[in-house]
Amino acid sequence: MNMRAQSRTVAVLGPTNTGKTHYAIERMLAHRTGVIGLPLRLLAREVYDRIRALRGPDCVALVTGEERIVPDRTQYWVCTVEAMPLEIGADFVAIDEIQLCADPDRGHVFTDRLLSARGLHETVFMGSDTMRNAIAALVPGVHFQRRERLSQLRYSGSRKISRMPARSAIVGFSVENVYAIAELIRRQKGGCAVVMGALSPRTRNAQVDLYQNGDVDYLVATDAIGMGLNLDIKHVAFSATHKFDGRRMRGLQPDELAQIAGRAGRYQSDGSFGVTGEARPLPDEVVTAIESHSFVPQRRLHWRNARLEFGTPERLVGSLELQTNNDWLTRARDADDVLALKTLIALPDIRDRLRDARDLKLLWDVCRVPDFRGISAEEHAGLLGRIFEFLHGAGRIDADWLARNIKRIDRSEGDIDALSKRLAYIRTWTYIAQRKAWVDDEKHWREATRAVEDRLSDALHARLTQRFVDRRTSVLLRRLKQKESLVAEVNDKGEVTVEGELIGRLEGFRFRPDKTASADEAKTLRQASLAALAPLFHLRADKFYNAPDTEFDFTEQGGLMWGDSAIGKLVRGDDALRPQVHVFVDDEAGHDVTEKVRRRLQHFIDRKIAALFEPLMNLSRDESLSGLARGVAFQLVEAMGVIPRDSIAQDVKSLDQDARGMLRKHGVRFGQFTVFLPLLLKPAPTRLRLVLRSLSEGLDTFPESPPPGLVTIPHIPEVPSDHYIMAGYRPAGARAIRIDMLERLADLLRACDSRAGFEATPDMLSITGTTLEQFADMMEGLGYKAERGTRDKPKPNARIESAEDAAGLDGQGPAPEPASDVAATDGSVSDTASEGVADTVAAEPEALEVFYTFNWAPRPRRDTRPARKPDARPDGARARSKGGKAKNAKPRERNAPDERREKPAASRKPDRIDPDNPFAAALMGLKLKD
C-alpha cells in the first residue's frame with residue numbers, strides 16, 4: 001500500500017503531434033523496469049524497435065496477441081493493451097491512446113487499464129484532452145500535463161486525387177475503397193503504399209518503407225494511421241467521412257477525424273487536411289474544432305466487469321453482464337469473446353465437459369482467441385469448440401491437426417485478397433501458438449507460424465507493390481522533382497533505360513514510350529525521356545553523320561533507313577533526280593541534330609542516285625550532244641532511262657548515224673519497242689527509278705519492283721501500263737515481258753515470215769521463259785494473230801526431211817498436252833494383222849500435238865497505248881519490179897511497229913535502211929552493189 005501511495009499518476013493530454021509517446025518512452029527508460037501498452041500491434045512493433053535500438057535486444061520484450069519476444073533479462077515490456085502483463089509489478093506503466101476507453105468494441109479493455117493498471121513508481125496515461133474530466137473523476141490524485149501541438153494544422157478543402165500534393169495520405173474506411181484509390185493513384189501518380197490495420201507488421205513496415213524512402217509519394221490507408229504511426233505526411237485527405245463500425249454505418253465524430261487528420265505535419269512541419277473523391281466538404285464547425293483542437297469531452301466510458309465468477313457457466317455470463325452504478329461508466333456491448341462463450345456453453349458436448357471452475361476458466365481463455373478470420377460467429381465458435389476439446393481432453397492441441405491447418409495456409413501464390421485471407425488465418429494459429437501450455441514444443445510452433453506469416457507477408461507486400469506501384473514511373477517522377485540529371489542508356493536493341501528502368505525505345509531519332517504504359521504513365525515517361533535523351537541525341541547524331549553509306553538504304557515506298565530504324569523519307573523536289581529529304585527527328589532533339597541528320601541523308605541519296613544512274617548522269621552532262629540528239633537524250637533522262645519507242649518514234653527516225661553513234665557511246669539502245677539504257681534495267685536502278693518516278697508523279701502508293709531475275713510477270717489490267725514501263729517491263733497479253741528480253745525476241749522475229757506465218761522456235765520460248773500457250777497469248781498482245789492447230793505427232797524414229805521440218809517440230813517447246821478431241825485407244829492389234837493380212841490390219845492412230853501459226857495482224861491493243869500500224873510487208877516486196885518478182889529477194893518480215901509506213905509503189909521513195917536493224921550493214925552493202 002505504501003508503494004501504491006508513493007506512485008505518481010500523470011495524464012499527458014493533448015492533440016496529435018505533441019510528442020506524448022516520445023515522452024512516455026523517455027520516462028519508462030528512466031526507471032529500472034516498465035510496461036507500455038499500445039493500441040495496435042503495428043505501433044507496438046514500432047516502439048519496440050525504437051527501444052531495442054536504444055537499449056539493445058536483451059532487455060526489451062515484445063508481447064502481442066500473435067507475437068512474443070521475451071529475453072531472459074527483460075526490463076521493458078512493449079505490448080498491446082490486451083497483452084499487458086500486469087502481474088509483474090513494473091516500476092513504470094503507460095497506456096497510450098487512452099481515449100479509446102470510449103470505443104464500443106475495445107473500450108472496456110482500456111477502461112480496465114485506466115482503473116487498475118499502475119506502476120510501482122509512475123503511471124502515465126497519454127491521449128486526447130477529451131478524457132480530462134473522466135480521468136479526473138475516476139483516477140484519484142492524477143496530475144495533468146497539457147501538451148500543445150508542435151505544428152499548425154489547416155483545412156484545405158476538397159481536391160481531386162489528380163491534384164493531390166506529394167507526401168499525402170488518402171484515407172478510406174473499407175478494403176475495397178482503399179484498393180480503388182490506390183489503383184487510381186498508380187495510374188495518375190506512379191503508385192502508392194498501402195497501410196491497413198489487418199496487415200502484418202512485416203507487410204506494414206515494408207509498405208511504409210516504400211513511402212518513407214521516397215519510392216512513392218502517396219499513402220492510402222485506413223484509419224489505422226490515426227493511432228500513433230509517425231510518418232512524413234504533409235496532407236491528409238478523407239475519401240469518406242462515414243464508416244461501418246461492425247454494426248452500422250455512422251459518421252465520424254470531429255475528434256475521430258482530428259485523430260486521423262493530425263497525422264499531417266509531423267514535429268514542427270505544418271500540415272493540412274481536406275476531402276477528396278465523393279466525400280462532402282467538412283462543415284465549418286467541424287473544421288474549426290479540428291484546427292483549434294476543441295472537442296466535446298467524453299462523458300461515458302465503456303466498461304466490463306473484470307471480477308469474473310467461474311462457479312457455473314451462468315454465473316460467468318452473469319458476471320460479464322454485470323451493470324455498473326458509476327455515472328462515468330456504461331456496460332460495454334457483448335464482444336466476440338462473450339458471444340463465443342454463450343454459443344459454446346449452449347452446446348451439449350461442451351456443457352458436459354464443464355465440471356469445475358478450472359474447466360470454465362479454460363473455456364473462457366479459449367473464447368478470448370480473436371476472430372481474425374472474420375468468416376462468421378458460428379464458424380469461429382466451431383473452431384474454438386474444437387480447440388477446447390483438444391485442451392480439455394489431452395491437455396494439448398493435436399500436433400497433426402495443427403500441422404494440417406497451417407500447411408493449408410502456407411501457400412504464397414494468389415492475388416492480394418487470397419494472401420490477405422491466408423494472413424488473417426495464420427494470425428489465429430500464431431495467437432494459439434503464443435498461449436502458454438496449449439501446444440507441445442511451443443518454440444517450434446511459434447517459429448513455424450511466424451515463418452508462414454513472414455512468407456505470406458512478403459508475398460502480400462510484393463503483390464501490393466506490383467499492383468499499386470509503378471516503380472518505373474515513381475522513380476522517374478522522384479528524380480524529376482529532385483531536379484537531378486537523368487542519364488539514359490540505350491542497348492543494341494534500342495531499349496532506353498533511365499535509372500535502370502525501361503522507359504521505351506529509341507527508333508532512329510524518335511522516342512517511343514513503352515507500349516505497356518497507360519496514358520498517365522506515358523506522360524511521365526515522356527518527361528523523363530526529354531530530360532535524359534538530350535545528350536544522347538547529340539551523340540547519336542554524330543555517330544549517324546559519320547556512318548558509311550552501306551548502313552543506309554531506301555525502301556520501295558521512299559523511306560530512308562538506318563539499319564532497322566526509319567530515319568526519314570524522300571519528298572518531291574524541283575528536279576525528279578534531286579529529291580529532298582524529310583527527317584524523322586523529335587522536336588526535343590533540337591535544330592542542330594535535325595539539320596545534321598537531314599544533311600547526311602541528303603548526301604546519301606544524292607550519291608546513291610549518282611552511282612546507280614551514272615550512265616544517265618553522264619548522258620545529261622555530255623556537252624557534245626546537240627540538236628535532235630540532245631533532245632532525245634533530254635527525254636531519256638526525264639524518263640530515267642526507259643522510254644517506249646513509239647512515244648519518240650519521229651525523233652528517233654530523224655536521227656542521223658553520227659547522232660545515233662554518240663548516244664550509243666552512252667549505252668543507249670534503240671530497241672524495236674523501247675529506247676533504253678540496259679544498265680538501268682538492273683534491279684537496283686529499277687528500284688530507285690520506281691521511287692523517283694512515283695515521287696515526281698505524286699503517287700500516294702508507289703509500285704513495287706518485281707523480284708530480280710524474272711523474264712515475265714503477270715499483267716494486272718488495273719495497274720497502269722506506265723508502272724510496268726517504269727519497272728522495265730512491257731505488258732503483252734496476260735503477262736508483261738522484260739524490255740531487254742523483248743528486244744531479243746524481236747531480233748528473232750525479224751527473221752520470220754510474218755505474212756505466210758511462222759511457228760515458235762525453242763529459242764523464242766527459252767528467251768521468254770513461257771509455255772507455248774503463254775507465248776501465244778503474249779504474241780497476241782504484241783500485235784500478232786495466233787492460230788491454234790493440231791497435227792499428228794511424228795514417231796520418235798521417223799526421219800525428219802528437212803531443217804524446216806525440224807524447226808516446225810521442235811518449236812513446240814515442252815511436250816504438248818493431248819488435244820481434247822483425241823480418241824482414246826488401247827493400242828491393240830487384230831489377229832489378222834499378226835497373220836500378215838495388210839489390208840485388214842487396224843491402223844494404230846497417231847498422237848496429236850498442238851502448234852500455233854503466227855501472222856502479223858496489228859490492231860488496237862487492250863494493254864498498251866495505241867500504236868501506228870507497222871509495216872508488216874516482207875523486205876523482198878520493196879525490191880519488186882513492176883509486174884514481176886525481184887531476183888534474190890528473201891522473204892523477210894518486219895513483224896513489230898516501225899517508224900516507217902509503206903506508201904503506194906508508184907509514189908514511194910527509196911526505202912531508208914533502219915540503222916537499228918541487226919542486218920543494217922548487209923542491207924547497205926546490197927544497196928551500194930545495186
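Is Thr 64 buried or exposed? In this predicted model, Thr 64 counts as buried because its relative accessibility is 2%, and the cut-off for that label is under 20%. The residue sits in the loop that links strand S3 (60-63) to strand S4 (68-69). If you set aside residues up to four places away in sequence, Thr 64 touches Arg 41, Ala 44, Thr 80 and Ala 83.

A second threonine makes a good companion to this one. Thr 241 is also found in a loop, between strand S13 (235-238) and strand S14 (242-244). With a relative accessibility of 19%, Thr 241 counts as buried too, since the label applies under 20%. Its contacts, again leaving out residues up to four places away in sequence, are Arg 250, Gly 251, Leu 252 and Leu 282. You can also look from Thr 241 to Leu 257, which is 16 residues along the chain: the two C-alpha atoms are separated by 8.1 Å.

Let's step back to the whole chain. It has 32 helices and 34 strands, and 49% of its 930 residues count as buried. Among contacts with a separation of 6 or more, 68% are between residues 24 or more positions apart. The chain exposes about 45500 Å², and carbon and sulfur atoms supply 50% of that area.

Now for the interior. In soluble globular proteins, nonpolar side chains tend to be buried together. Here the largest nonpolar core holds 63 residues, and the members that touch the most others are Leu 341, Leu 363, Ile 387, Ile 397 and Trp 429. Helix H16 (residues 416-434) gives the most to this core, contributing eight residues. Take Leu 341 as a place to look around: beyond its neighbours within four places in sequence, Leu 341 is in contact with Leu 316, Val 317, Leu 320, Leu 363, Trp 364 and Cys 367. Apart from this core lies another, of 58 residues, whose members include Phe 511, Leu 616, Val 668 and Val 675.

The cysteines deserve a short stop. With a disulfide taken as a pair of cysteine sulfur atoms within 2.5 Å, the count comes to zero. Two cysteines worth finding are Cys 59, which counts as buried at 10% relative accessibility, and Cys 752, which counts as buried at 11%.

Our last stop is a small group of strands and the helices that lie across them. How are the three strands of this open sheet ordered? The order is S30-S32-S31, with antiparallel pairing. Strand S30 (712-714) and strand S31 (729-732) stand at the edges, and each has a single partner strand, so one side of each is left without a neighbour in the sheet. On average, neighbouring strands of this sheet are turned by 30° against each other, direction ignored.

Between S31 and strand S32 (residues 735-738), which run antiparallel, there are four bridges. To see the pairing at residue level, find Ala 732, which stands opposite Arg 735 in S32. Two helices then come into view. Helix H27 (residues 739-749) lies across S31 and S32 and runs at about 85° to S32. Helix H29 (residues 772-781) lies across S30, S31 and S32, running at about 95° to S31.

Methods. Residues are numbered from 1 along each chain as its sequence is written. This is a predicted model: local features need pLDDT of at least 70, side-chain atom pairs count only at pLDDT 80 or more; totals for chains, interfaces and linings use all residues. Side-chain values use heavy atoms; hydrogens and water are left out. Buried means under 20% relative accessible area, exposed over 50%, partly exposed in between (1.4 Å probe, protein chains only). Contact means heavy atoms within 4.5 Å. A nonpolar core is a set of buried Ala, Val, Leu, Ile, Met, Phe, Trp, Tyr and Cys residues joined through side-chain atoms within 4.5 Å. Two strands pair if DSSP finds at least two bridges between them. Axes are lines fitted to C-alpha atoms, for helices over the stretch in contact, and angles run from 0 to 180 degrees between N-to-C directions. Accessible areas come from the Shrake-Rupley method with a 1.4 Å probe; for residues, only the protein chains shown count as cover.
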